[in-house]
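This briefing covers aromatic pairing, charged side chains over rings, a lysine environment, a recorded annotation and model confidence. Please read it alongside the sequence and the structure shown below.

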Amino acid sequence: MLGILVVLCLIPAADVTENKILVAQRPLLIVANRTATLVCNYTYNGTGKEFRASLHKGTDSAVEVCFISWNMTKINSNSNKEFNCQGIHDKDKVIFNLWNMSASQTDIYFCKIEAMYPPPYIYNEKSNGTVIHVRETPVQTQEPESATSYWVMVTVTGLLGFYSVLITAVFIIYRQKSKRNRYRQSDYMNMTPRHPPHQKNKGYPSYAPTREYTAYRSWQP
């Protein structure tokens, strides 16, 4: 009789141990691009066929971010309207993907795994959770870029204007020097003697030079 009682007392204890759910999470997750992937690893040795996994925010797990439920044939997922979250079940882990996160959503997050059916209903003890730290992404406005482009344009325009003025000035100076040189050359080259006004015009135009006939005389001693 005593041996039967001992066996009956051990059976519930064995069932409780078999149906226990354990969850493991990484302690810290740094988010720099507003996208986070939180993996909830769990172990379960029971006979459950229908499960529900959910992600909760805050030390008291007051806010349910999103959940996923599945059984042998169907998977269902839903998200809180204040979050962009999707759950994926993969063997012995549940992956929660979050995107478009803001710095205000920095907090501690807990995974909860529940065995819904068949009875008994059980869920995991509260884990240590994962602190998701969302870094504030600086908003890049167009003003600095526009200001930079403006000053670059002003600088380029100023340089072009300066070179234009410089080239124009060099051209003017060169042209004036060329004119002066032409004037000087014309003064030196115009060495043709004019016909003396007191001599009669012998059929030569007034501008023709007077021949020096003595240059054609033969040399005499």
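Leaving aside its neighbours within four places in sequence, which residues is K57 in contact with? In this predicted model, K57 is in contact with A62, V63, V65, F83, Q105, D107, I108 and Y109 once those neighbours are set aside.

**Setting of K57**
- The residue K57 is part of strand β4.
- K57 counts as buried because its relative accessibility is 16%, and the cut-off for buried is under 20%.
- The contacts of K57 beyond four places in sequence include the aromatic residues F83 and Y109 as well as the charged residue D107.

**Aromatic pairs**
- Three aromatic pairs are found when the whole structure is searched.
- In the pair formed by Y44 and F51, the ring centres are 5.3 Å apart and the planes stand at 80°, so this pair is edge-to-face; planes over 60 degrees apart fall into that class.
- Y44 has a relative accessibility of 19% and therefore counts as buried.
- F51, at 10% relative accessibility, likewise counts as buried.
- F51 also pairs with W70: the centres of the two rings are 5.7 Å apart and the planes are at 25°, so the pair is stacked, the class for planes under 30 degrees apart.
- This stacked pair links distant parts of the chain, since F51 belongs to strand β4 (residues 50–57) and W70 to strand β5 (residues 63–70), with the two residues 19 residues apart.
- Both members of the stacked pair, F51 and W70, are buried.
- One aromatic cluster is formed by Y44, F51 and W70.

**Charged side chains over rings**
- R52 is placed over the face of F67, at a distance of 4.2 Å from the ring centre.
- K112 has its charged end over the ring of Y123, 4.9 Å from the centre of that ring.

**Annotated segment**
- An unreviewed UniProt entry records the feature "transmembrane region" at residues 150–174.
- In the model, residues 150–174 are 100% helix and 0% strand.
- The C-alpha atoms at the two ends of residues 150–174 are 36 Å apart.

**Confidence of the model**
- The average pLDDT of the protein chain is 80, and 70% of the residues score at least 70.
- Residues 1–16 have a pLDDT below 50, and this stretch has zero contacts in the model beyond near neighbours in sequence.

Key. Residues are numbered from 1 along each chain as its sequence is written. Side-chain values use heavy atoms; hydrogens and water are left out. Rings of Phe, Tyr and Trp (its six-membered ring) pair if their centres lie within 6.5 Å; planes under 30 degrees apart count as stacked, over 60 as edge-to-face and the rest as tilted. Buried means under 20% relative accessible area, exposed over 50%, partly exposed in between (1.4 Å probe, protein chains only). Helices (H or I, at least four residues) and strands (E, at least two) are DSSP runs, numbered from the N terminus. A charge sits over a ring if NZ of Lys or CZ of Arg is within 6 Å of the ring centre and within 35 degrees of the ring normal. Contact means heavy atoms within 4.5 Å. UniProt positions are given in the numbering used here, feature names are shortened, and annotations may be inferred rather than shown by experiment. pLDDT is the predictor's confidence in each residue, from 0 to 100.
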